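Trainee: Could you take me closely through one helix of this model, together with the core that it belongs to and the elements that cover it?

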Amino acid sequence: MDVVQQFGREAEKYLASPTHGDQAELSDFMKLVQPHGGHIIDLATGAGHCAFAVAPFVDRVTLCDVTPRMLEVAMAEGERRGLTNLEVLQADCHDLPVPAASFDGAICRLAAHHFLQPWTFLAEVHRVLKPGGWFLFVDTVGIEEDVLASKALDQYETIRDPSHVCDYLASQWREWCEQTGFAVEHQSSLHHRYPLTTWLDRMSVQEPQRSECTEILRAATGALKSYLSPECDENGEWSFLLHQTVIVARRGEQ
């Protein structure tokens, strides 16, 4: 799967996504980290929603993404919003071409389920943060109590998006952060209900994959059904839940 081509094609849809652009949620994230000045990097920024949220509170924001079209869309939107402290870095966030201790804070939201080596990513975030720098991490997570159900969740996600790797567990993310050297200051959970049609349309999913996803919701049982909580309205439109972990961690002073 050519991730750059795939997400470049859908960049405008991510800009328009109500999930990614949820202003109340973004405001809550800013309250958690309380940014004040300095240089921040938004990793796998996508259409730039987190960068736009943090920009008014800091001196400079680097929008980092591997997809050039995402960066183009994000910077055009930032200009439209009158934000003048944004810059771009086209790079894989597993291997950032910047010196150690470059940033006062880092953000990664709704991207890490695409990462093959999450521990390598976390080590790179730790490297580029200044001592005492903060890290806001948000991503979809798997099903803690049932390995098979969690694998079924990943299969469901992959039908819609072949670049999906894994909805890692919330407990794994905390453990990996701590093993990397971060002090976890906050961890909480979120869940969002997605209309199936909107979720599929954002990635331009066609048949037979659309019907496959509908059938998974219809047939879900046990822990998978409990996690997805599928609902079908009177018009036959399906919706479901995905769950996220929110972590605020800090690099030590040494």
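Mentor: What follows is a walk from one helix outward to its surroundings. Please keep in mind that this is a predicted model.

The helix I would choose is α6, which spans residues 118-128. Its buried residues are Pro118, Phe121, Leu122, Glu124, Val125, His126 and Val128, and the elements that cover them include the strands β1, β4, β5, β6 and β8 as well as the helix α8.

Among these neighbours, α8 (170-180) deserves a closer description. Two packed helices are described by the angle between their axes and the distance between the axes. For α6 and α8 the angle is about 45° and the axes lie 9 Å apart, so α6 is oblique to α8, and the crossing of the two helices is right-handed. On the α6 side the contact is formed by Pro118, Trp119, Phe121, Leu122, Ala123 and His126, which meet Trp173, Trp176, Cys177 and Thr180 of α8. Sorted by class, this contact has eight nonpolar residues and two polar ones, with no charged residues.

Phe121 and Trp173, which both take part in that contact, also appear in the largest nonpolar core, a set of 32 residues in which Leu43, Leu96, Phe121, Phe135 and Trp173 touch the most other members. At least two residues of this core come from each of β1 (39-43), β4 (103-109), α6, β5 (129-140), α8, β6 (182-195) and β8 (238-251).

Phe135 shows how the core is joined around α6, for, leaving out residues up to four places away in sequence, Phe135 touches Phe121, Leu122 and Val125, along with Ala106, Cys108, Leu129, Phe182, Ile247, Val248 and Ala249. A second core, separate from this one, has 24 residues, including Phe29, Val58, Leu63 and Leu83.

As a counterpart to the α6 and α8 pair, consider helix α7 (residues 147-160) and helix α10 (residues 209-219), which pack at about 155° with their axes 9 Å apart. That angle makes α7 roughly antiparallel to α10, and α7 passes α10 in a left-handed crossing. Here Tyr156, Ile159 and Arg160 of α7 make contact with Gln209, Glu212, Cys213, Ile216 and Leu217 of α10, and by class this contact has five nonpolar residues, one polar residue and two charged residues.

Technical notes: Residues numbered from 1 in each chain as written. Predicted model: local features only at pLDDT ≥ 70, side-chain atom pairs only at ≥ 80, totals over all residues. Heavy atoms only, no water. Core = buried A, V, L, I, M, F, W, Y, C linked by side-chain atoms within 4.5 Å. Buried < 20%, exposed > 50% of the residue type's maximum accessible area, 1.4 Å probe, protein only. Helix = DSSP H or I, 4+ residues; strand = E, 2+ residues; numbered from the N terminus. Contact = heavy atoms within 4.5 Å. Axes fitted to C-alpha atoms, helices over the stretch in contact; angles between N-to-C directions. Parallel < 35°, antiparallel > 145°, perpendicular 65-115°, else oblique. Left-handed = near helix turned anticlockwise from the far one by under 90°. Nonpolar A, V, L, I, M, F, W, Y, C, P; charged D, E, K, R; others polar.
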